[in-house]
Amino acid sequence: MTDKYCVIGNPIAHSKSPQIHAAYAAATGQDISYERCLAPLDGFEATVRRLVQEGYRGANVTVPFKLEAFRLATRLEARARAAGAVNTLVFTPEGEVVGDNTDGAGLVADIVRNAGVPLQGKRVLMLGAGGAARGAMLPLLLEGPRELVIANRTLATAEALARDFPEYAGRIAVRGFAQVEGAFDVVVNATSASLAADLPPVPASVFCQETLALDMMYGNKPTVYMAFAASHGARVRDGLGMLVEQAAEAFALWRGVRPGTADVLKSMRQ
Ligand code: NDP
């Protein structure tokens, strides 16, 4: 019997996840269906209950429901707890709703495997301290960077984020954009500035020839941040690889088999 999955969001029509999971299912020979599910803004919980009743095995969760999914889960994986948000739900036969977060793992996989930049011992700068930045913290720190600097417009938000990872305190620093010093190996734009075609006010000196500059956002053309970073010598990447990798991670959780991502990423770029 075909196992059912979906992605819940509002809006959801734009989601590329069905295409990605269909490709993974075909490549691994898994018999699954995966569709878009539009939940009313005040109806996330009711939607999840319905899916469970209809025999769905799991779901991805996207904007604006990741925090609600976190609250609704009956069990949380460590990555979800650290992220304070859930992007993947597993509905178990015992009736548990397990919440996990694969966004950060997707980001790390894209940097390390797809871009070929190991993070061990590196200097990493994260721009932004919102939900996406929070989700990336633990997976990034587990890779062993020498330093992880968080730069945010509202300093207090970045300070609160850093405080939630006390065991890594010696390796995390918090700065205002203007106070960031020196060049970095990896600079991740986790602000939502790109959505409004804005550039976060990051000093150009953070980029050099060896820098990988990644924007979590993706679209038909490079973001303002990517253009800025490239004009200062950095190698640039958008967030499509992160999207494809977080989906592979969710697929592996559900199906116990990790699909290859190279072909999917290549076809989505075309
Ligand atoms: P949040 O609203 O939680 O956080 C927004 C962050 O951006 C805050 O740190 C905010 O700073 C900062 N910010 C907003 N506008 C500006 C600006 N003009 N200049 C500088 N900083 C700014 O958003 P999310 O964390 O959920 O999302 C961030 C981005 O990540 C989005 O573009 C989203 O599409 C992307 N994303 C991509 C994924 C993928 O798979 N590729 C997965 C998840 C997210 P302040 O605290 O001062 O307000």
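**Entry 1: rings**

Which residues do ring pairs link into a cluster? I looked, and the cluster is made of Y5, Y34 and W254. Note to self: this is a predicted model.

I then asked how many aromatic pairs there are. The count comes to 6. The first one I wrote down is Y34 with W254, which is tilted, with 6.2 Å from centre to centre and 45 degrees between the planes. Y34 belongs to strand β2 (residues 32-38) and W254 to helix α9 (residues 240-255), so I was looking at a link between distant parts of the chain, 220 residues apart. Buried or exposed, I wondered about Y34 and W254? Both Y34 and W254 turn out to be buried.

Next I picked F44 and F65. Their rings are stacked, with centres 5.0 Å apart and planes at 20 degrees. F44 is in helix α2 (residues 44-53), while F65 sits in the loop between β3 (58-61) and α3 (66-72), so this pair ties together parts 21 residues apart in sequence. I checked burial here too: F44 has 0% relative accessibility and counts as buried, and F65 is buried with a relative accessible area of 1%.

One more ring went into my notes. The charged end of R123 sits over the ring of F184, and I got 4.0 Å to the ring centre.

**Entry 2: cysteines**

How many disulfides are there? I found a count of 0. I wanted to know why C6 has no bond to the closest cysteine sulfur. That sulfur is in C37, and at 4.7 Å it is too far away for a bond, because a disulfide needs the two sulfur atoms within 2.5 Å. Seen from the other side, C37 is in no disulfide either, and its nearest cysteine sulfur is that of C6. C6 counts as buried at 0% relative accessibility, and C37 counts as buried at 6%.

**Entry 3: nonpolar cores**

I went looking for the largest nonpolar core and found 31 residues in it. L107, I111, M137, L140 and F165 have the most contacts inside this core. Which elements each supply at least two of its residues? My list reads α5 (103-114), β7 (123-127), α6 (131-142), β8 (147-151), α7 (155-163), β10 (186-189) and β11 (212-215). The largest share, 6 residues, comes from α6.

I zoomed in on I111. Leaving out residues up to four places away in sequence, I111 touches G116, V117, L119, L140, V186, V188, L212 and L214.

Apart from the largest core lies another one, of 19 residues. Y5, V7, Y34 and W254 are among them, and that took me back to my ring cluster of Y5, Y34 and W254.

**Entry 4: domains and L243**

The protein is divided into domain 1 (3-101) and domain 2 (104-241). Taken over C-alpha atoms, their centres are 27 Å apart. For the contact between them, I noted 7 residues from domain 1 and 8 residues from domain 2.

Last stop was L243. Where does L243 lie? I found it in helix α9, where L243 counts as buried at 14% relative accessibility. L243 and G106 are 137 residues apart along the chain, yet 6.7 Å separates their C-alpha atoms. Not counting residues up to four places away in sequence, L243 touches K16, I20 and Y218.

Technical notes. Residues numbered from 1 in each chain as written. Predicted model: local features only at pLDDT ≥ 70, side-chain atom pairs only at ≥ 80, totals over all residues. Heavy atoms only, no water. Phe/Tyr/Trp six-rings, centres within 6.5 Å; stacked < 30°, edge-to-face > 60°. Helix = DSSP H or I, 4+ residues; strand = E, 2+ residues; numbered from the N terminus. Buried < 20%, exposed > 50% of the residue type's maximum accessible area, 1.4 Å probe, protein only. Lys NZ or Arg CZ within 6 Å of the ring centre and 35° of its normal. Core = buried A, V, L, I, M, F, W, Y, C linked by side-chain atoms within 4.5 Å. Contact = heavy atoms within 4.5 Å. Domains from an automatic or database assignment.
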